[in-house]
Amino acid sequence: MAPPQVAPTNSVAIRAVDWQQVLSEPETGTIRPVGYNDGVVFAAPTLIAQAPAEAGERSTGKALQLDPPKEDGELGDGSEGDKEAVGKENGNEAAPEKKEANSPSPSFPPASVDYYISTALARHPKLLAARQRVAAATYVIPQAKALPDPTFNNTFWPIQDQALETAAGRVGHQMSVNQMVPFPKKLQTKAVIASREVQIAQAEVDLIAREITESVRLAYYEVWFAGRAIAIIEETKDLVADLTDVAEARYRSGGSQQDVLRAQLETDRLDEQLISLRKQKQIAQADLATLLQQPVGLVPETTDRLDIADTPQQIESLISLAEQCNPKLRGLAWEIQRDREKQRLACLQKYPDFTVGVNWGLISDSSSVLSPVANGHDNISFNLGTTLPIWRDKIDAGIREASHRTSSTTRRLEAERDELYGKIRRLIAQADALSEQRDIYEDRIIPRTEDTLKLSIADYRGKRTDFFTLIETYRELLMFETQLARIDATLAGTIAQLDRTVGCPY
């Protein structure tokens with residue numbers, strides 16, 4: 001599931017920085033990253049990056065607030081007055097946080113991704129159906145190893161003068177009970193085939209569980225990204241409001257009205273982006289709620305922190321784990337075992353099955369019998385029969401059929417294994433790229449862009465640059481912040497895909 005794209009111009013939020021020293025100190029304060037990438041990046045793992053910092057640490061919190069420029073000649077001469085702090089006094093209260101349009105339902109507070117996974121695995125109908133198939137398959141085993149039902153026959157003569165007669169008297173009823181007994185090992189082989197079917201069904205349960213787990217995690221990360229991007233833009237709106245105040249102050253002192261209009265336009269652009277992101281979040285929440293089998297009224301929310309697990313550096317170790325744990329590989333391995341047992345059963349068809357039975361004849365010695373020595377003693381006899389497997393063409397065809405099916409399943413396993421190895425390599429390569437991109441955004445791109453924005457603000461206050469340059473720098477920072485958030489979510493989604501591919505914890 002590829003994360004939805006975010007336009008480059010609507011991506012980013014300014015972190016909380018000591019802007020009061022923007023003009024008074026040459027050094028740049030410590031800057032902490034925020035983040036998301038608008039689909040420009042790949043997705044996959046190996047030295048996977050550290051978990052993102054707490055939301056509070058990466059939050060822009062208090063938005064940048066600028067004092068209006070001095071009137072007339074007091075601005076632009078490079079004096080100490082030109083280098084006053086750009087933010088409000090530390091004692092001033094921060095603007096109240098703005099709530100998202102979709103607040104979490106009281107009955108469904110923000111929860112971790114593990115909680116949502118356990119909820120989905122407990123109630124998803126697709127997984128429940130697969131478990132029922134396993135339960136049904138287990139009851140095939142006693143049926144497969146049981147003998148066929150015995151048969152009972154009764155031959156009788158309703159017209160006495162037409163009935164069979166023996167020296168002992170007239171035969172009234174002739175009854176028999178027969179039992180088919182397959183050749184040794186046939187029933188045992190059928191039971192083994194049935195047990196392999198149970199293991200194949202269980203592998204399907206594991207496969208569906210991994211699919212649901214991956215889907216929940218990807219939907220969760222999309223909800224997290226949309227919420228994080230909304231928070232970034234909400235915080236950025238405070239900065240734009242301050243820039244608007246500065247532009248209006250300069251306009252009153254003889255500046256250009258275009259600066260005011262551009263600042264107001266930026267506010268409108270942010271509002272438009274918020275609408276798009278809130279819609280994106282609602283769609284991701286709907287996908288997550290569907291996986292959780294929740295009522296429409298319950299809206300799932302994510303925690304502020306996005307945990308990103310590390311992945312091993314060795315591809316060989318992951319491939320070895322996948323050989324043991326991947327449900328699809330295990331299912332195909334059990335299919336090969338089943339097909340081999342079917343091939344063995346086909347070979348056993350060359351041997352006959354047996355029939356054993358007992359017969360009882362009810363003899364009548366009434367006065368109508370013809371034999372003068374009739375005594376009415378009933379007859380008891382036993383019979384033994386066998387099938388004659390003489391149609392060798394049919395038997396040989398069955399053996400060849402089973403052999404081809406075994407060979408086909410073996411090739412399918414080889415193809416699936418090769419595809420699995422390639423997917424693991426791609427995911428690890430993608431994760432490496434994401435990890436490196438994340439480091440570049442955190443350590444170089446975003447800090448330098450923030451420094452540039454500080455200088456642009458100072459130059460604008462000193463009338464050494466125009467408002468257009470200031471806005472372009474602010475847009476770049478917003479874009480980079482949002483791209484870093486996208487990288488975090490994409491990296492987490494890549495690890496989810498790798499977890500599903502490997503099939504067990506690593």
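**Exercise 1.** In which strand is the place of Phe382? State also whether Phe382 is buried or exposed.

*Solution.* The model is predicted, so local features need pLDDT of at least 70 and side-chain atom pairs count only at pLDDT 80 or more, while totals for chains, interfaces and linings use all residues. Residues are numbered from 1 along each chain as its sequence is written, and side-chain values use heavy atoms, with hydrogens and water left out.

Step 1. Helices (H or I, at least four residues) and strands (E, at least two) are DSSP runs, numbered from the N terminus. Phe382 is located in strand E5, which covers residues 379-386.

Step 2. Buried means under 20% relative accessible area, exposed over 50%, and partly exposed in between (1.4 Å probe, protein chains only). Phe382 counts as exposed because its relative accessibility is 69%.

**Exercise 2.** Describe how strands E3, E4 and E5 pair.

*Solution.* Step 1. Two strands pair if DSSP finds at least two bridges between them. E3 (residues 169-181) and E4 (residues 354-364) are antiparallel, with 11 bridges. Within this pairing, Val181 stands opposite Phe354 of E4.

Step 2. E4 also pairs with E5, again in the antiparallel sense, over eight bridges. Here Gly357 stands opposite Asn383 of E5.

**Exercise 3.** Which element gives the most to the nonpolar surface patch?

*Solution.* Step 1. Patches are made of residues with over 30% relative accessible area and no salt bridge (a side-chain nitrogen of Lys or Arg within 4 Å of a carboxyl oxygen of Asp or Glu). Like charges are joined within 9 Å, and nonpolar side chains (Val, Leu, Ile, Met, Phe, Trp, Tyr) within 5 Å. Accessible areas come from the Shrake-Rupley method with a 1.4 Å probe; for residues, only the protein chains shown count as cover.

Step 2. The patch consists of Phe152, Val177, Val358, Trp360, Leu362, Ile380 and Phe382, which together have about 700 Å² of accessible area. E4 and E5 are the elements that give two or more residues to the patch.

Step 3. With three residues, E4 gives the most.

**Exercise 4.** Is Glu341 buried or exposed, and which residues beyond its sequence neighbours does Glu341 contact?

*Solution.* Step 1. Glu341 lies in helix H8, residues 327-348. Glu341 is buried because its relative accessible area is 15%.

Step 2. Contact means heavy atoms within 4.5 Å. With neighbours within four places in sequence left aside, Glu341 contacts Thr189, Val192 and Ile193.
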